[in-house]
Amino acid sequence: MRISILLFAVLTLANCASAPSGDAEALAEHQKINDPGEPTNRFIFKFNQGLDAVIIKPVTSFYRIFPEVLRTGVHNFLNNLKTPVVLINDILQGEAERAGDTVMRFLINTTVGVAGFRDQAADWGFEPHEEDFGQTLATWGVGEGPYIMLPLFGPSNPRDAIGKFVDFFLDPINWWAENSDNDWVPLTRTIIGGIDTRDQLWDVLDDLEKSSIDFYAAIRSLYRQRRNDDISNGTGSKDNETPNFSGDLELADPDDQPSNKSSGKDAGPKK
Amino acid sequence: MKNFHRGAIAALFGLALSIIVPISQAKADGFTDGAQKFIGALAIRAESSLLVEGISISERQVRFRKLMMESFDLSGVGKWVLGRYWRRASGIERKLYLKLFEDFIIATYTKRFKAYTNSKLQINATTSRRSSAFVNTQINRKSGKPIRIVWRVNYSDGRYQIIDIVVEGVSWIQTQRSEFVSVIRNRGGKVSGLIDALSKKIADLKSSAS
């Protein structure tokens, strides 16, 4: 963790270096991409890809020998363990209904769902949802800051990285482990959690890598859009609106814009 | 506070809208209804022609291309994705790029659609904003949460055209734009760099498919 903080410092310093001057459009683009440490980030991304190829992917492919039912069980179990952190963040965001869902899910899945291996609650209408302190900070109005690629942990930004750090300390399971000298618990959980995440993303990442011409940029865009979707709880916040066609990186010729063609008198079929 | 603002703004807009002639409201309803029906019809067509098992990859590509050309504003999207670099591109580059963009989309998405074989699209609700209708749908799977998909539809040249697909909050054109702009930036701001990368990718995809 100390290393990641150091990394922020380095990347934030690198911030000032590469902003283009003079061209207003180039500057707007630079700000929109908001990845001042891109060369460093790309280097770390390459490192992560290497790590994935050498360790994470082989281990996960071994894990994938197990039937899907079992892997889903593990996934559900890990999700159930996240309950305290999700609940705390539900409350910090003032989401009473979602907090209620989280409690109900825990009660149902821990008992009927056999210690969390079965997501019975979802079948009964209590759908799972994610919350973390990064999202809480976002709802409190904290901006994401520049994009950063963390070694091993992957895409992030200062807000979400701090969020991860805080979530670790919010988690009563970690307090318990600390106080009872069971340090292996958080460690094991992190490792299995990592394998589970890689398993869940197996097809998505494979597909994306094959179909992208700049995998790094595709991941960067996906990460931001997914986070915005999570923050708005899937309702589509202002940041997450599908882009307006006359937005930032505007086309030179307005007649070329699809939205303009259909505006005004053509706004719908006449009945 | 945020909610208060939203409420106030919504009220203002509501007031403004009620003053504008009611005809535009009727028109807007016709537009959203039409867009929703358009997506519904497209889903049925896709189910019967595309999302079936036992057809070859090349046949799937042919059918997919036909469906794409008829339902998507591919050239509009292609231009938008290029952003400010569209202006910098020469006439030949523009032509070449738009053709490659089409091939690229067909090549990458044919495989993706195969994953949805035998799944049903459920249409939920349609909203409109500016000149676009947003058709909210979901794909229900055997296990796991349903996948949320929003289709952004415009009406132009006398027909409905899809200009974006937003899957679980991830916009297709947004992602494509970030990627393409990144490629251009890393190749000295030249559109020709993107054209090279695209043709190479399409060749790779073709050789791995056959």
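Which residue in strand 4 of chain B is the bridge partner of B:Ser156? In this predicted model, the partner of B:Ser156 is B:Arg159, and the legends below start from the sheet that contains this pair.

**View 1. The open sheet of chain B is built from five antiparallel strands.** The strands of this sheet in chain B follow the order 1-2-3-4-5, and their pairing is antiparallel throughout the open arrangement. Strand 1 (120-129) and strand 5 (170-171) of chain B are the edge strands, each of them pairing on one side only. Strands of a sheet pair through backbone hydrogen bonds, in either a parallel or an antiparallel sense.

**View 2. Strand 3 of chain B pairs with strand 2 and with strand 4 of that chain.** Eight bridges connect strand 2 of chain B with strand 3 of chain B, the two running antiparallel, and within this pairing B:Asn136 has B:Val150 of strand 3 as its bridge partner. On the pairing with strand 4 of chain B, strand 3 (residues 147-156) is again antiparallel and the two are held over eight bridges, one of which matches B:Ile149 with B:Val167 of strand 4. Strand 3 of chain B is mostly covered, with nine of its ten residues counted as buried.

**View 3. A hairpin with two residues between its strands joins strand 3 and strand 4 of chain B.** In this hairpin, B:Asp157 adopts a positive phi near 50 degrees. The bridge between B:Ser156 and B:Arg159, the latter in strand 4 of chain B, belongs in this view as well. Seven of the nine residues in strand 4 of chain B are buried, and therefore this strand is largely enclosed by the rest of the structure.

**View 4. Strand 4 of chain B continues the sheet to strand 5 through a second hairpin.** Two bridges join strand 4 (residues 159-167) of chain B to strand 5 of chain B, and the two strands run antiparallel. These bridges can be followed residue by residue: B:Val166 is partnered with B:Ser171 of strand 5, while B:Val167 is partnered with B:Val170 of strand 5. Two residues lie between the strands of this hairpin, and B:Glu168 takes a positive phi near 50 degrees there.

**View 5. B:Thr137 is a buried residue of strand 2 in chain B.** The strand in question spans residues 132-140, and B:Thr137 counts as buried because its relative accessibility is 3%, against a threshold of under 20% for that class. The side chain of B:Thr137 makes a polar contact with the side chain of B:Trp151, at 3.0 Å. When neighbours within four places in sequence are left aside, the residues in contact with B:Thr137 include B:Leu121, B:Gln122, B:Ile123 and B:Asn124, together with B:Ile147, B:Arg148, B:Ile149 and B:Trp151, and also B:Ile39.

**View 6. A nonpolar patch lies on the surface of chain A.** The patch consists of A:Phe62, A:Ile65, A:Phe66 and A:Leu70, which together have about 430 Å² of accessible area. A:Leu70 belongs to helix 4 (residues 68-81) of chain A, and it counts as partly exposed because its relative accessibility is 45%. For the chain as a whole, the exposed area is about 14,700 Å², of which carbon and sulfur atoms supply 64%.

**View 7. A:Pro58 is found in helix 3 of chain A.** This helix covers residues 38-63, and A:Pro58 counts as partly exposed because its relative accessibility is 35%. Apart from residues up to four places away in sequence, A:Pro58 touches A:Asp52 and A:Ala53. The C-alpha atoms of A:Pro58 and A:Lys46, which are twelve residues apart along the chain, are separated by 17 Å. As background to this view, chain A has 14 helices and two strands, and buried residues make up 42% of its 271 residues. Among contacts in chain A with a separation of 6 or more, 61% are accounted for by residues 24 or more positions apart.

Technical notes:
Residues are numbered from 1 along each chain as its sequence is written. Chains are lettered from A and ligands numbered from 1 in the order in which they are written. This is a predicted model: local features need pLDDT of at least 70, side-chain atom pairs count only at pLDDT 80 or more; totals for chains, interfaces and linings use all residues. Side-chain values use heavy atoms; hydrogens and water are left out. Helices (H or I, at least four residues) and strands (E, at least two) are DSSP runs, numbered from the N terminus. Buried means under 20% relative accessible area, exposed over 50%, partly exposed in between (1.4 Å probe, protein chains only). Contact means heavy atoms within 4.5 Å. Accessible areas come from the Shrake-Rupley method with a 1.4 Å probe; for residues, only the protein chains shown count as cover. Two strands pair if DSSP finds at least two bridges between them. A polar contact is a pair of N or O atoms within 3.5 Å; within protein, one must be able to donate a hydrogen and the other to accept it, and residues adjacent in sequence count only if both atoms are side-chain atoms. Patches are made of residues with over 30% relative accessible area and no salt bridge: like charges are joined within 9 Å, nonpolar side chains (Val, Leu, Ile, Met, Phe, Trp, Tyr) within 5 Å. A salt bridge is a side-chain nitrogen of Lys or Arg within 4 Å of a carboxyl oxygen of Asp or Glu.
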